[in-house]
Amino acid sequence: MSGEQQLDADLGSGVEVEEFSWEDYLEETGSTTVPYASFKHVDIRLQNGFAPGMKLEVALKNDPETYWVATIITACEQLLLLRYEGYGEDRKADFWCDIRKAGLYPIGWCQQNKKTLEAPEGIRDKVSDWNAFLQQTLIGACGPPVSLLEGLRNGRNPLDLIAPGSKLECQDFRDSLSTWLVTVVENIGGRLKLRYEGLESRDGFEHWLYYLDPFLHHIGWAAQQGCDLQPPLAIKHLKSEADWQEILAKVKEEEPLPSYLFKDKQVIGTHEFSINMKLEAVDPWSPFGISPATIAKVFDDKYFLVEMDDLRPEDHTRRSFVCHANSPGIFPVQWSLKNGLHINPPPGFRSQDFDWADYLKQCGAEAAPQKCFPQSISEHQFKENMKLEAVNPLFPEEVCIATVTAVRGSYLWLQLEGSKKPVPEFIVSAESMNIFPLGWCETNGHPLSTPRRARGHKLRKIAVVQPEKQILSSRTVHEGLKNQLNSTHSVMINGKYCCPKIYFNHRCFSGPYLNKGRIAELPQCVGPGNCVLVLREVLTLLINAAYKPSRVLRELQLDKDSVWHGCGEVLKAKYKGKSYRATVEIVRTADRVTEFCRQACIKLECCPNLFGPRMVLDTCSENCSVLTKTKYTHYYG
């Protein structure tokens, strides 16, 4: 039986494959998701080391032996949107390329290798002296690191360079500031499973960190800081000093990872804490409440040790952790009280009511001043009852569905759902690298723990409930699914479909359906990320910004006779107490995003630049400020 016949048989027989469906789960719980742009560490990961404005020498599509200088317009994981020099602001010739397959070289490469550097045929007659043009254009120009381009030509994207077996340096953040080598055991979307060098998995010293964690560094960082590499106290007794030095010598002979992989890491500033100052803190090993703590040690002007207060006899183990000036989870005295939160008294505290003034007198200590603490994030998009994906603080290898149960300043209280063992509500920073947007696990191949009641079905027959338009049959949807599977034009990268940022340009003409005031209230952009997820969020925001959401949904709905080029997503709208659903086609690959956005704009009779991968700064290229509905019909049909 052929693959197509098998698919028909499966669809016809109604075979249901149990798989979690975010869409069904959100509908069942009446919840919304945290916007994708709220996860800055995920956004940074998608930037891949390339940046808009960088210049390269790129092979011409119609003549691979000839090259020309191109500027990066947009960068998103393995995809670059490029424009050859000489086209100016004309975006018609912009093109996407896969950085692992295209011939991309640093400026000057053609001259060094005696290759032809010649402008594309479409613009050769625009400039009389191209050499002079290039000299002027390349003044002050910058390009990506040469080592980055070399790695890409070997078939590896930047994040994939951190492969199993790679070596890094990691600061011990439990009770000292020693730095030792770690081996990457696993890399899932930038989440690294690490093991101290010289140990085996059975030794039980593996831990998970995001690759941008401020305590994780490239090989050579300790030497640059004037620090010695020493194994942490917890493992030092497992081997002799000679054994540790032998391990260190072997690693020094290996080729280290390039340092540019960590260029977006947080810069550690200086702090103003002094020893014995009191504060409030969340214990990172048990982040279920806020308790009194003490500055137990100051290592230098960047790092200090926070110890959770414990008034029990000395034989109890003290819980401590290393912090820097911008560490999350540390607060000034009375922060809990000011935010209406309960503070957990230290173990051994005899009174039922905890009062900071009395406690400071009892301890003979002073409170750390407000100036010592990082400024709270004034703006973020996390709200109560929103859904996201989060690392289980007790079992870091597990990522679960999580609900935001409370928000205080830049801190979130999360409740996990579907965890292997029950976990109490816990506290994380809004900038934590252990929280992720909807679909992150699916995109990166990471298992997601879900509540049993939330598991939907992978193959399900969709009937569109839409009072204003003809219903799409389930057969039409199944034909679309087949076309998705059989498509030979998809750009698939490591199992991921990457969409650039989609900007809302609220100064552009909004047309007859969209409320200009509501458009102005939308976020500046959505994404980057999985194409379907990003575009789904964009369309949902537009539907909700309409005068009549049901009408916009009707305009976007896929006609039953249309040729299916993307995937079908069921979108919803509410208007005057009624609920509407329609299947909308969404493209799955980044090379089709620009045209998808433009055509969606034309369907909604608004400026083709109202939303899309291009940010309109001052003047719209479509000169849409003069448009009216009559003029729009004349220009765009």
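Biologist: So buried means under 20% relative accessible area, exposed over 50%, and partly exposed in between, using a 1.4 Å probe and protein chains only. How many of the ten residues of E10 are buried?

Modeller: Seven of the ten, so to speak of E10 as mostly covered is fair under that definition. Names like E10 come from DSSP runs, numbered from the N terminus: helices are H or I runs of at least four residues, and strands are E runs of at least two. Keep in mind that this is a predicted model, where local features need pLDDT of at least 70, side-chain atom pairs count only at pLDDT 80 or more, and totals for chains, interfaces and linings use all residues. Residues are numbered from 1 along each chain as its sequence is written, and side-chain values use heavy atoms, with hydrogens and water left out.

Biologist: Got it. Which sheet is E10 in, and what is the order of the strands?

Modeller: E10 belongs to an open sheet of five strands, ordered E12-E11-E10-E9-E13, with antiparallel pairing. Two strands pair if DSSP finds at least two bridges between them. The edge strands are E12 (206–210) and E13 (216–217), each pairing on one side only.

Biologist: How many bridges join E9 to E10, and how many join E10 to E11?

Modeller: Five bridges join E9 to E10, and six join E10 to E11. In the first pair, Leu168 stands opposite Val182 in E10. In the second, Ile188 has Arg191 of E11 as its bridge partner.

Biologist: What do E10 and E11 form?

Modeller: A hairpin, with two residues between the strands. Gly189 sits in the turn and has a positive phi of about 60°. On the other side, E11 (residues 191–196) is joined to E12 by five antiparallel bridges, and Arg195 stands opposite Glu206 in E12.

Biologist: Which helix packs on this sheet?

Modeller: H9 does, touching E9 (167–171) and E10 (179–188). Touching here is a contact, with heavy atoms within 4.5 Å. The direction of H9 makes about 55° with that of E10. Axes are lines fitted to C-alpha atoms, for helices over the stretch in contact, and angles run from 0 to 180 degrees between N-to-C directions.

Biologist: Back to Leu168. What is it in contact with, leaving aside neighbours within four places in sequence?

Modeller: Quite a list, including Ile162, Trp180, Val182, Leu192, His218 and Phe262. Leu168 is also one of the residues that touch the most other members of the largest nonpolar core, which has 85 residues. A nonpolar core is a set of buried Ala, Val, Leu, Ile, Met, Phe, Trp, Tyr and Cys residues joined through side-chain atoms within 4.5 Å. Apart from that core lies another, of 46 residues, among them Ile502 and Cys597.

Biologist: Cys597 is in H17, right? Which residues of H17 are buried?

Modeller: In H17 (residues 593–603), they are Val593, Phe596, Cys597, Ala600 and Cys601. They cover an arc of only 135° around the axis, so they lie on the same side of H17. The arc is that of the directions from the helix axis to the C-beta atoms. As background, an α-helix has 3.6 residues a turn, so residues three or four places apart point the same way.

Biologist: New topic: which residue just after H17 takes a positive phi?

Modeller: Glu605, at about 55°. Most residues other than glycine have a negative phi. Asn385 has a positive value too, near 75°. Asn385 is found in the loop between H11 and E19 (386–391).

Biologist: Is Asn385 buried or exposed?

Modeller: Exposed, because its relative accessible area is 51%. Gln334 also has a positive phi, near 80°, but Gln334 counts as partly exposed because its relative accessibility is 27%. Gln334 is found in the loop between E18 and H10 (335–338).

Biologist: What order do the strands have in the open sheet with E18?

Modeller: E17-E16-E15-E14-E18, with antiparallel pairing. E17 (320–324) and E18 (330–331) stand at the edges with a single partner strand each, so one side of each has no neighbour in the sheet. E16 (residues 303–308) and E17 pair over five bridges, and Tyr303 stands opposite His324 in E17.

Biologist: Last one: how many helices and strands does the chain have?

Modeller: The chain has 18 helices and 31 strands. Of its 637 residues, 50% count as buried.
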